[in-house]
Amino acid sequence: MSGFPVHPDEVTPAWLSETLGARVRSVTWEPIGTGQVGDSVRFHLDVEGVPDTLAGKFPAADETSRGTAAMFGLYRKEVEFYRQAAPLLDVRVPQTFAAEASEDGASFVLIFEDLGPARQGDQIAGCTLEEAKSAIAQAAAIHAPSWRRPEILDAGWIQPPEDLGAKVGAMYPQAQALFRERYADTLEPTYMIVCEQLAEHAATYFRRDPDIQCLVHGDFRLDNMLFDIRGGSEPIAILDWQTVTIGKAMTDIGYFLGCGIGQLGLDHEEELLDLYLAEMAARGVHLTRADLAEDYRVGILHGVSTAVFSAAFVERTERGDANFLSMARGACALALKHDSIAALKEKG
């Protein structure tokens, strides 16, 4: 037994009453969101003194997705992010009322503030330029407060296993083989070549870089964002911190402009990069485009690797296929524009 609920049906009025410090008379729930690694719900409470709706997140019902999350420690990382890192950053995340994970990392529960009414970001539908600008500002709100701060970056919970890069690098060509088999007749050949080239240089790409700059969200795209939260009183919140890690800021930025928003990122790349630099400077971190150029070229490939890996190792759904193809197309287009594979080879 985990000692905490690991499915919405296990969330009882008694447990919520103790957790919230308020008398909860009854609770019901409904599914929300489109996540494939964890399952999210909205709780409706009969209660006084606290909001009558809350959001919750639990292990994925799908065994494949749940196993992948446990293997890479995704559930525990998200719990520890809300416990330890979120209070030190400027990024808008939901207030957390409960954050628990099992020792083996296979089970967890998160109970949040309900940020609705809000609009779920949609990777496939895309977003407006103003929404993209809001997201870029939030990226700076992650990176700048954690920039070169050892009390954040050296914390035990965020350290990747020493052999993680080697393991993932060895697994990646298998993921690409599955990706190729599944999407060879759907993904444009020029984009598939980029995917194949990344698999050829997986050992270099996944090798741990000793130059750690800041916290990195790791999956900074529209499906992990809420817009017009709390009925439009705030512009955006960032969700889904299972992939949070330490590394290069441009991993998030290259990922978002490529796989995250696709053509919009191509069309407004210069404007959005300049905005990022301005937001970082406003928080005391002064950088130039030259400082970030090579990191950006390589960071774009994070979108390629995430699309390939996710397609291979999470539950397959119709929306998932559309999602991963959208991610791959956007990332590969930006990678071709900046010759990201050449930048990766230079690192080798």
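**Salt bridges and cores in a predicted model**

Visitor: What class of exposure does Arg-182 have at 26% relative accessibility?

Guide: This is a predicted model, in which local features need pLDDT of at least 70 and side-chain atom pairs count only at pLDDT 80 or more, while totals for chains, interfaces and linings use all residues. Residues are numbered from 1 along each chain as its sequence is written, and side-chain values use heavy atoms, leaving out hydrogens and water. Buried means under 20% relative accessible area, exposed over 50%, and partly exposed in between (1.4 Å probe, protein chains only). With its 26%, Arg-182 is therefore partly exposed.

Visitor: Which residue forms a salt bridge with Arg-182?

Guide: A salt bridge here is a side-chain nitrogen of Lys or Arg within 4 Å of a carboxyl oxygen of Asp or Glu. For Arg-182, the closest N and O atoms of the pair are 4.0 Å apart. The partner is in helix α15, whereas Arg-182 is in helix α6 (residues 164-183), so the pair ties together parts 139 residues apart in sequence (helices are DSSP runs of H or I, at least four residues, numbered from the N terminus). This partner has 15% relative accessibility and counts as buried; the residue is Asp-321.

Visitor: How many residues apart in sequence are the parts tied together by Arg-297 and Glu-346?

Guide: Their side chains meet in a salt bridge at 4.0 Å, N to O. Arg-297 is buried at 16%, whereas Glu-346 is exposed at 57%. Since Arg-297 belongs to helix α13 (residues 289-299) and Glu-346 to helix α16 (residues 340-347), the parts they tie together are separated in sequence by 49 residues.

Visitor: Which helix holds both Lys-133 and Glu-130?

Guide: These two form a salt bridge, with the closest N and O atoms 3.5 Å apart. Lys-133 is partly exposed at 22%, and Glu-130 is exposed at 52%. They sit three residues apart, about one turn, in helix α4.

Visitor: How many salt bridges are there by this rule?

Guide: Some are linked in a network, made of Arg-148, Asp-209, Asp-211, Lys-248, Asp-295 and Lys-347. By this rule, the count is 38.

Visitor: Which helix gives the largest share of the largest nonpolar core?

Guide: A nonpolar core is a set of buried Ala, Val, Leu, Ile, Met, Phe, Trp, Tyr and Cys residues joined through side-chain atoms within 4.5 Å. The largest has 103 residues, and Leu-215 and Phe-81 are among those that touch the most other members. Nine of its residues come from one helix, residues 318-338, namely α15.

How values were computed:
Helices (H or I, at least four residues) and strands (E, at least two) are DSSP runs, numbered from the N terminus.
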